[in-house]
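Biologist: I would like to learn how to read a model like this one. Where should we begin?

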Amino acid sequence: PMSSLTPHAKAILDRLRTDKANQKCIDCSSRLSVDWASVNLGVFFCIDCSGKHRSLGVHISFVRSLTMDKWDDKQLAFMQAGGNKACKEFLENHDCFDLGFAERWKSKGADKWRKKLIADVAEMASRKKKSRKSSSSSSSESDSSSESDSESEPPKATKPKPSVKAKPQPVVQDLLDFSCETPSPVADSPKAVKKAETHESRKHKSKDLPKEPTKESSRDKAHDDFATNPSLDKSAVEERIKRRTEAKDRQRTADALAKLEAMCGGAGDEPRCDAVNPPGQADSESESDEA
């Protein structure tokens, strides 16, 4: 049959069977087929005596095969804590080894031996647990010491980043802001001088012109006319105010266009702004009709 024995368990059992006392059957001292063992007794015996141990019951002797059965860590610990030599000496000290087969393993001495194995296995497990805890604590201490060493190291000086100077934003001049003068790229050229003189002369002329009445003043004047002359229709007055307002808007657009031409135009082959058609400019015929 296929063996379910793990390599780990096989290695431990093979090491235990190197002991000369474990190479012989504890009951009949036979060296043939000593491939069986009792877990709760921790002893090795032959195939003939294995049947006798099975007849005693598992509470007296729990039989396992050394080559075919599966062994866990706790069962292996019982075999490591026991052994044929230690069991035989313990039973001889309690005067029960020379008894018959059934009386030997059911005696009080054998019961004490089983309890001793249970205590020894529990002590072995506690020692392993403590060793694991100590190893884990030492590893955590080493980690904490390495962390403290890393914290004690002075921080590396970081190089300051070079400051990036902000680029000057280009000045965007409003074309309709005629209060500021447009700087000339070539101040010494005759064309630039002539253009500046023309602009200055037109600027002074525009200052001398009388100020135009605002939309609010026109509306107030129309309401005054309506108040002095009650015979006038209110809708006619509103229409008159609308025509006056449109006429003033056209006049302001024409003035702005003239100023724009003064800035863009010039002598020679420079481009002019004559082709500019500002939005809202009315035809000459409509202006004459309204006039």
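Modeller: We will go from the overall fold to the sheet, the core, the salt bridges and a few backbone details. Keep in mind that this is a predicted model.

Biologist: How many helices and strands does the protein chain have?

Modeller: The secondary structure comes to ten helices and three strands. From the N terminus on, the elements run α-β-β-α-β-α-α-α-α-α-α-α-α. The protein chain has 291 residues, and 25% of them count as buried. Now look at contacts between residues at least 6 apart in sequence: 55% of these join residues at least 24 apart.

Biologist: In what order do the strands of the sheet lie?

Modeller: The general idea comes before the case. Strands of a sheet pair through backbone hydrogen bonds, in parallel or antiparallel fashion. Here three strands form an open sheet in the order 2-1-3, with antiparallel pairing. Strand 2 (43-45) and strand 3 (63-65) are the edge strands, and each pairs on one side only. On average, neighbouring strands are turned by 35° against each other, direction ignored.

Biologist: How many bridges join strand 1 to strand 2?

Modeller: Three bridges join strand 1, residues 36-38, to strand 2. To find the register, start at Ser38, which stands opposite Val43 in strand 2.

Biologist: Which residues of the largest nonpolar core touch the most other members?

Modeller: The core has 38 residues, and those that touch the most other members are Ile26, Phe44, Phe45, Trp71, Cys87, Leu91 and Trp105. Several elements each supply at least two residues of this core, among them helix 1 (7-16), strand 1, strand 2 and helix 6 (108-152). Helix 2 (47-56), helix 3 (73-81) and helix 4 (84-93) do so too.

Biologist: Take Trp105. What does Trp105 touch, not counting residues up to four places away in sequence?

Modeller: Trp105 touches Ile26, Asp27, Leu41, His53, Leu56, Ile60, Cys87, Leu91, Ala110 and Arg114. Trp105 belongs to helix 5, residues 101-105, and so does Ala102. Ala102 is partly exposed, with a relative accessible area of 29%. The C-alpha atoms of Ala102 and Ile60 are separated by 9.8 Å, although these residues are 42 apart along the chain.

Biologist: How many salt bridges does the structure hold?

Modeller: Start with the principle. Side chains of opposite charge can pair when their charged atoms come close. The structure holds eight salt bridges. One of them joins the side chains of Asp27 and Arg104, at 2.7 Å from N to O. This pair links distant parts of the chain: Asp27 in the loop between helix 1 and strand 1, and Arg104 in helix 5, 77 residues apart.

Biologist: Are Asp27 and Arg104 buried or exposed?

Modeller: Asp27 is buried because its relative accessible area is 18%, and the cut-off for buried is under 20%. Arg104 is buried as well, with a value of 9%.

Biologist: Which salt bridges lie within one helix?

Modeller: Again, the general idea leads. An α-helix has 3.6 residues a turn, so residues three or four places apart point the same way. In helix 6, Arg127 and Glu123 lie four residues apart, about one turn. Their side chains meet in a salt bridge of 3.2 Å, N to O. Arg127 is partly exposed at 47% relative accessibility, and Glu123 is partly exposed at 43%.

Modeller: Helix 9 offers another case. Asp249 and Arg252 lie three residues apart in helix 9, about one turn. The closest N and O atoms of this salt bridge are 2.3 Å apart. Asp249 counts as partly exposed at 31%, and Arg252 counts as partly exposed at 39%. Elsewhere, salt bridges that share partners join Asp111, Arg114 and Lys115 into one network.

Biologist: How far does helix 9 reach from its first C-alpha to its last?

Modeller: Helix 9 spans residues 234-264, 31 residues in total, and reaches 45 Å. That is close to the 45 Å expected at 1.5 Å a residue. The buried residues of helix 9 include Val237, Ile241, Lys248, Arg250 and Leu257.

Biologist: Where does phi turn positive in a residue other than glycine?

Modeller: Look at Ser33, where phi is near 55°. Ser33 sits in the loop between helix 1 and strand 1, and is partly exposed at 39%. Asp95 also has a positive phi, of about 55°. Asp95 lies in the loop between helix 4 and helix 5, and counts as exposed at 67% relative accessibility.

How values were computed
Residues numbered from 1 in each chain as written. Predicted model: local features only at pLDDT ≥ 70, side-chain atom pairs only at ≥ 80, totals over all residues. Heavy atoms only, no water. Pairing = 2+ DSSP bridges. Axes fitted to C-alpha atoms, helices over the stretch in contact; angles between N-to-C directions. Expected span 1.5 Å × (residues − 1). Buried < 20%, exposed > 50% of the residue type's maximum accessible area, 1.4 Å probe, protein only. Core = buried A, V, L, I, M, F, W, Y, C linked by side-chain atoms within 4.5 Å. Contact = heavy atoms within 4.5 Å. Salt bridge = Lys/Arg side-chain N within 4 Å of Asp/Glu carboxyl O.
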